[in-house]
Amino acid sequence: MCHLSVATPIIKPINGLCNLSCSYCYTSGLKGYSSKNRMSLETLKAVIDFFCNNQDEIEFIWHGGEPLLAGLEFYQEAVRIQQSWKKRGRKISNFLQTNATLITPEWVRFFVENDFFIGVSLDGPRKFHDQVRFYPNGRGSYDDVMRGIGLLRRGEIFNGIICGISAVNYEFPEETLNFFLGENIKKLKFARIKNIGHCDNVSGITISPAQYADFMITIFDLWLEVDDPAVEIRDIQSVVSLILGGNKRECIYMGQCDQFVTVYSDGSIYGCGSFSKTDNLYFGSVLDEPSIVRSNSRLQIFRDLLEKRRKFCRACDWYFICKGGCAKDCYEYLDSVKPLSKVCENLQRYFRHISGRIRSYNLI
Ligand code: SF4
Ligand code: SF4
C-alpha cells in the first residue's frame, strides 16, 4: 500500500495551461497565462524535498498543460535541487510529456545533459492529428510537433509517443500504426480519449470502451504480423508480459491508483490527474508535513474504495492482469465500487483475444 512514501508525483508546474488548444482538452490555450501562474521556486523545492524525503527511488513526471511553458530556468533549478538528494543516495529519474512544439536545441542540450526522458503527444498522421491538436487560432500543430521530434531524436532522448485515440482516428488502426512505423517511431502508447471530469462539452470526440477495445485488438494483430521486437506498444507489452508470467505493468494494471498523485503549481496534492481536480481527492500540500498528508482522511477513503473494489474484482478471471483497472474508468463519480460493465466487458474481450492468440502460438 502507498503511504505517500512510494508515490509517483505528476507535477503540473503551470497547471493546465498550454500553447495549444486541443479539441478534447479541458484547458483553453494560454488564456490567463503569465509567469505568475508558474510554480514558485520555493514550492518547487518543497515538492522535491517532499517526495525525496522518504523514498530511495523517485520518478518525477513533469506534465501540463504544456510543461515547457515553465521555462528552462525552472527545470535547471529542479535539477539543482535534485542534485543534493542524489548526493544523499537517492535514485532520481525525470520524465516529461510535451506537445513538442516548443522544443529548441537549447532544451535538447539541457535534457541530454540531465538524462530526461521525453515523451511526445502525437495523434497519428497530419490528417488525424491536425483535426484535434491545434493552436487557439485553429492552425494544426503537426509540422511543429514533427520538427520537435526531429530535434529530440537527434539528441537520442525521444522516449516515444502517446497517441490519443478519439473519434477522428479510432476507425483507422492500420493507417495509424503504419504511419508511426513509416516514421520509424516504435515506442507507442495508445490512450483512449474519454471525458475528463468537468470537461462536459467534449463528448463528440471521445470514444467508448468498445471502440477502444476494437482499436487495440486490431493493433495487437498488426503488431504480431509486424513481428519486430523493437516495436513497443506499452499496453500490449504489459498484457502479454502478464499472460506469460512476467510483471511489466502500466499504471492501469497496477491496481494502485493511490500511488500516483498530481501536484499543482501551488503545491497542492490531488489524486491522479485523470480525475478532475475534485475536493474528494485533495490530499494536502507539499508544504505540509508528510505525516499529515499520509494520514489525510480523504486519502484513506480513496484507499478504502480501491480495496473494496479489489475484493469485488478478485472473482474475475482477468484479475491477475487487470487488478481492477483504471480507477477513473471503473468508478462512477468515485462513490461506487462496482465496476462499470461496459468497461469490464471490453477489457475482458481484449484480454481474451490476446490470450487466445498467444495460446495459438503454444507459448502458454
Ligand atoms: S475486468 Fe473488470 S471485473 Fe475484471 S479485474 Fe478488471 S475491472 Fe475487475
Ligand atoms: S486512475 Fe487510471 S490513469 Fe490514474 S493512476 Fe489509476 S490507472 Fe493510472
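Which residue follows α3 with a positive phi? Asp115 does, with a phi near 55 degrees. The legends below start with the whole chain and come back to that helix; bear in mind that this is a predicted model.

**Figure 1. The whole chain, with 13 helices and ten strands.** Start here to get your bearings. Of the 364 residues in the chain, 39% are buried. Take the contacts between residues at least 6 apart in sequence: 71% of them join residues at least 24 apart.

**Figure 2. Helix α1, residues 41–52, and what it packs against.** A quick ruler check comes first. At 1.5 Å a residue, twelve residues should span 16 Å, and the end C-alpha atoms of α1 are indeed 16 Å apart, so the two agree. The buried residues of this helix are Thr43, Leu44, Val47, Ile48, Phe50, Phe51 and Cys52. Between them, the buried residues of α1 pack against three strands and two helices: β1 (8–11), β2 (57–62), β8 (260–263), α2 (72–87) and α9 (290–294).

**Figure 3. Hubs of the largest nonpolar core, which has 92 residues.** Val47, from the buried set of α1, turns up again here. Together with Ile165, Met216 and Ile219, Val47 touches the most other members of the core. Zoom in on Met216: leaving out residues up to four places away in sequence, Met216 touches Phe190, Asp235 and Tyr350.

**Figure 4. Helix α3, residues 105–113, has a buried side.** Trp107, Val108 and Phe111 are the buried residues of this helix. They sit on the same side of α3, because the arc they cover around the axis is only 100 degrees. Swing round to the other side of α3 and you find Pro105, Glu106, Arg109 and Glu113, which are exposed. The buried residues of α3 pack against α2, β4 (116–121) and α5 (142–154). Past the helix comes Asp115, the residue with the positive phi.

**Figure 5. Pro105, a residue of helix α3.** Is Pro105 buried or exposed? Just 10 other C-beta atoms lie within 10 Å of Pro105, so this residue is exposed. Leu152 is 47 residues away along the chain, yet the C-alpha atoms of Pro105 and Leu152 are separated by 8.5 Å.

**Figure 6. Ile92, a residue of strand β3 (residues 91–98).** Ile92 has 20 other C-beta atoms within 10 Å, and it takes 20 or more to count as buried, so Ile92 is buried. Setting aside neighbours within four places in sequence, Ile92 is in contact with Ile58, Phe60, Gln82, Trp85 and Lys86. Glu57 is worth a look too: 35 residues separate Glu57 from Ile92 in sequence, while their C-alpha atoms are 5.9 Å apart in space.

**Figure 7. Ligand 1 and the twelve residues around it.** Coming nearest are Cys313, Cys316, Cys322, Gly325 and Cys344. Two elements give two or more residues to this shell, α11 (319–322) and α13 (341–360). The largest share, three residues, comes from α13. By type, the shell around ligand 1 has nine nonpolar residues, three polar and no charged.

**Figure 8. Ligand 2 and the residues that surround it.** Which residues make up this shell? Ligand 2 is surrounded by Cys251, Ile252, Cys257, Phe260, Cys272, Ser274, Cys326, Ala327 and Lys328. Sorted by type, the shell around ligand 2 comes to seven nonpolar residues, one polar and one charged.

Notes:
Residues numbered from 1 in each chain as written. Chains lettered and ligands numbered in written order. Predicted model: local features only at pLDDT ≥ 70, side-chain atom pairs only at ≥ 80, totals over all residues. Helix = DSSP H or I, 4+ residues; strand = E, 2+ residues; numbered from the N terminus. Expected span 1.5 Å × (residues − 1). Buried ≥ 20, exposed ≤ 12 C-beta atoms within 10 Å, placed from the backbone. Contact = placed C-beta atoms within 7 Å. Core = buried A, V, L, I, M, F, W, Y, C linked by C-beta atoms within 7 Å. Arc of directions from axis to C-beta. Near = placed C-beta within 6 Å. Nonpolar A, V, L, I, M, F, W, Y, C, P; charged D, E, K, R; others polar.
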